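Visitor: I would like a close look at a single part of this protein. Please take me through its interior, piece by piece.

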Amino acid sequence: MELLEVFKALSNETRMQILQWLKHPDRHFPKPLHGDIHEDGVCVSDIHKKVGLSQSTVSLYLSMLQKAGLIKAKRIGQFTYYKRDEENIKKMMEWLSREL
């Protein structure tokens with residue numbers, strides 16, 4: 001995980017909001033048609049609907065969060081599901097606590 005990528009990803013209010021929503025996905029998104037919301041994540045189409053921005057912008061935001069190691073993607077059928085990467089988030093928090 002590159003911390004510069006993490007800070008870039010977190011420097012946008014909408015990307016921060018997506019990460020916060022994914023912390024408690026059952027509170028912010030409908031139950032998925034396939035899989036488990038906690039195990040598999042949230043469908044990209046549900047994230048897109050909630051954010052209210054263009055599909056390309058939401059895809060870019062999710063890509064940035066994924067590149068930063070803050071979320072993971074999982075393909076189920078024709079859809080991509082996203083969830084937080086809690087292990088990487090914990091590592092980042094530990095590093096920040098130790099180094100800054």
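Which residues have the most contacts inside the largest nonpolar core?

Guide: A word first: this is a predicted model. Its largest nonpolar core has 23 residues. Those with the most contacts inside this core are Ile18, Leu22, Phe29, Ile47, Leu62, Leu70 and Ile71. Five helices give two or more residues each to the core: helix 1 (3–9), helix 2 (13–23), helix 4 (44–51), helix 5 (55–67) and helix 6 (86–99). In soluble globular proteins, nonpolar side chains tend to be buried together.

Take Leu70 next. Leaving aside neighbours within four places in sequence, Leu70 is in contact with Val6, Ala9, Leu10, Leu19 and Leu65, among others. Its list of partners also includes Lys83, Arg84, Asp85, Ile89 and Met92.

Now the helix packing, starting with helix 2 and helix 5. Their axes come within 10 Å and cross at roughly 70°. Angles of 65 to 115 degrees count as roughly perpendicular, and helix 2 and helix 5 are therefore roughly perpendicular to each other. The crossing of this pair is right-handed. Helix 2 makes the contact through Thr14, Arg15 and Ile18, while helix 5 uses Tyr61, Leu62, Met64 and Leu65. By class, five residues of the contact are nonpolar, one is polar and one is charged. Two residues here also appear among the core's best-connected members: Ile18 and Leu62.

Helix 5 also packs against helix 4. The axes of helix 4 and helix 5 come within 10 Å and cross at roughly 115°. This pair, too, is therefore roughly perpendicular. The crossing of helix 4 and helix 5 is right-handed. From helix 4 come Val44, Ile47, His48 and Val51; from helix 5 come Gln55, Val58 and Leu62. Here the residues divide into five nonpolar, two polar and no charged. Leu62 thus takes part in the contact with helix 2 and in the contact with helix 4. Ile47, on the helix 4 side, is another of the residues with the most contacts inside the core.

One last stop is His34. This residue sits in the loop between helix 3 (25–28) and strand 1 (42–43). His34 counts as partly exposed because its relative accessibility is 44%. Not counting residues up to four places away in sequence, His34 touches Ile76 and Tyr81. The C-alpha atoms of His34 and Gly77 are separated by 9.1 Å, with the two residues 43 apart along the chain.

Technical notes: Residues numbered from 1 in each chain as written. Predicted model: local features only at pLDDT ≥ 70, side-chain atom pairs only at ≥ 80, totals over all residues. Heavy atoms only, no water. Core = buried A, V, L, I, M, F, W, Y, C linked by side-chain atoms within 4.5 Å. Buried < 20%, exposed > 50% of the residue type's maximum accessible area, 1.4 Å probe, protein only. Helix = DSSP H or I, 4+ residues; strand = E, 2+ residues; numbered from the N terminus. Contact = heavy atoms within 4.5 Å. Axes fitted to C-alpha atoms, helices over the stretch in contact; angles between N-to-C directions. Parallel < 35°, antiparallel > 145°, perpendicular 65-115°, else oblique. Left-handed = near helix turned anticlockwise from the far one by under 90°. Nonpolar A, V, L, I, M, F, W, Y, C, P; charged D, E, K, R; others polar.
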